Amino acid sequence: MPTGQQPTATYDSAFLKACRREPVPHTPVWFMRQAGRSLPEYRKVREGVPMLESCMRPELVTEITLQPVRRHDVDAAIFFSDIVVPLKAIGIDLDIKPGVGPVVEQPVRTRADLARLRDLSPEDVPYVTEAIGMLTCELGATPLIGFAGAPFTLASYLVEGGPSRTYENAKAMMYGDPGLWADLLDRLADITAAFLKVQIEAGAVAVQLFDSWAGALAPADYRKSVMPASAKVFDAVAGYGVPRIHFGVGTGELLGLMGEAGADVVGVDWRVPLDEARRRVGPGKALQGNLDPTVLFTDKNTVEAKAREVLDAAAGLEGHVFNLGHGVMPNTDPDALTRLVEYVHTATAR
């Protein structure tokens, strides 16, 4: 796809209009982790298939990505993959263990370890290109969002060797060996940018950078030690003209900086109301969010009342994409999501 050009079928969609801060027919809705364990049809097709393997089967990726679009009538699909897929693709020995998450066999702790992080090429992820080609044919006017993990979050997994609550090894490297840390994040920025480029060139019309664990950082540390790498990723895909979304959990103190890194849309978790988030981010950005995912475990009236609070807080925004403040929880009733989409569409119809 030529630089800056987008398929006309999706260009006028409510989702892309909101990302561009243009008037919309209704507030668009999609959910992080909308394709996943909350859907019985997902559990059925994934039965007996390990997570990383499921990300490498184009037919399976296509089916899983389409499932929530069919069921919930969301305004965008998000490509089914995992943030560690590009690391696996370049030869890092890792696996996603059920109930644990990504586990890295040999953590990255020294400068010599950087040599294991080679560049990513499209030939490393042919299944991504194939799956997105299949998806864009099936989706028609529904936009497809590509995504990747941000350098800090990927570095956290690589240095810790798996999920962490304290990030003690990663932050120790950041503070104690800033040169090695900067080189590690710079290398990961190149890998992440290459992974996003593959998705955009195959047909994704927006991308989201997940910095899931950036909330563990103080603003000064984020600005100095993390933001340059995230900005490098956003800069690398700027020429494609697709909206760039940035999201992290517990990042209320970082919202302005996350926008400054180069995002067109800043994702907000449930901890900060959208009107306050707007003040922190400043003008010129759309916002995405931010219903607390646990609200979906309540009754229909409560869900609608809490969704109305989000919509009211978003009333003055230049652009708003309705989403949860984090991913859909595995035990969420899929019907509650379907009803929520219908409610937002109806309540915001213009």
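Author: A cavity is a set of points on a 1 Å grid over the protein atoms alone where a 1.4 Å probe fits but cannot get out. The model discussed here is predicted.

Reader: How much space lies in the largest cavity?

Author: Rolling a probe the size of a water molecule over the atoms shows where empty space is left. In this predicted model the count comes to 1 cavity of 30 Å³ or more. The space in the largest cavity is about 70 Å³.

Reader: Which element gives the largest share of the lining of the largest cavity?

Author: The lining consists of Leu296, Thr298, Asp299, Lys300, Val303, Glu304, Ala336, Arg339, Leu340 and Tyr343. Two elements, H15 and H16, give two or more residues to this lining. By class, 5 of the lining residues are nonpolar, 1 is polar and 4 are charged. The largest share, 4 residues, comes from H16.

Reader: How far apart are the end C-alpha atoms of helix H16?

Author: Helix H16 covers residues 334-348, which makes 15 residues. At 1.5 Å a residue, the expected span is therefore 21 Å. The model agrees with this expectation, as the end C-alpha atoms of H16 are separated by 22 Å.

Reader: Against which elements do the buried residues of H16 pack?

Author: Residues under 20% relative accessible area count as buried. In H16 these are Pro334, Ala336, Leu337, Leu340, Val341, Tyr343, Val344, His345 and Thr348. Their packing partners are H3, helix H5 (58-72), strand S8 (286-291), helix H15 (300-313) and S9.

Reader: Is His72 buried or exposed?

Author: His72 belongs to helix H5. Leaving aside neighbours within four places in sequence, His72 is in contact with Leu39, Pro334, Leu337, Thr338 and Val341. Its relative accessible area is 2%, and the cut-off for burial is under 20%. His72 is therefore buried.

Reader: Which strands are the edge strands of the open sheet?

Author: The open sheet has 7 strands with parallel pairing, in the order S1-S4-S5-S6-S7-S8-S9. An edge strand pairs on one side only. That description applies to strand S1 (77-78) and strand S9 (320-324).

Reader: Which residue of S4 is the bridge partner of Ile78?

Author: S1 runs parallel to strand S4 (residues 144-149), and 2 bridges join them. Within S4, the bridge partner of Ile78 is Ile145.

Reader: Which residue of S6 stands opposite Leu209?

Author: S5 pairs with S4 in the parallel sense over 5 bridges, and Ala148 stands opposite Leu209 of S5. S5 is also joined to strand S6 (residues 244-247) by 4 bridges, again with a parallel run. In S6, the residue opposite Leu209 is His246.

Reader: Which residues of S5 are buried on the side of Val207?

Author: In a regular strand the side chains alternate between the two faces of the sheet. Strand S5 (residues 206-210) is mostly covered, with 5 of its 5 residues buried. One side holds Ala206, Gln208 and Phe210. The buried residues on the other side are Val207 and Leu209.

Reader: Which residue takes a positive phi in the hairpin of S2 and S3?

Author: S2 and S3 pair in the antiparallel sense over 4 bridges, and Asp95 stands opposite Val103 of S3. The hairpin has 3 residues between the strands. A positive phi near 80° is taken there by Gly99.

Reader: Which element gives the most to the lining of the largest pocket?

Author: The largest pocket holds about 1,400 Å³ of space. Its lining has 43 residues, of which Arg33, Arg37, Met51, Asp82 and Pro102 are the closest to its centre. The elements that give two or more residues to the lining are helix H3 (40-46), strand S2 (94-97) and strand S3 (101-104). The most, 3 residues, comes from S2.

Reader: How many residues in the lining of the largest pocket are nonpolar, polar and charged?

Author: In this grouping, Asp, Glu, Lys and Arg count as charged, and Gly counts among the polar residues. The pocket lining then divides into 26 nonpolar, 10 polar and 7 charged residues.

Reader: How far apart in space are Pro122 and Ala313?

Author: Pro122 lies in the loop between S3 and helix H7 (126-139). With a relative accessible area of 44%, Pro122 is partly exposed. In sequence, Pro122 and Ala313 are 191 residues apart. In space, C-alpha to C-alpha, their separation is 41 Å.

Note on methods:
Residues numbered from 1 in each chain as written. Heavy atoms only, no water. 1 Å grid on protein atoms, 1.4 Å probe; cavity = no way out; pocket = protein on both sides within 12 Å on 5 of 7 lines; lining within 4 Å. Points joined across faces, edges and corners; volume = space filled by probe spheres on them. Pairing = 2+ DSSP bridges. Expected span 1.5 Å × (residues − 1). Buried < 20%, exposed > 50% of the residue type's maximum accessible area, 1.4 Å probe, protein only. Contact = heavy atoms within 4.5 Å.
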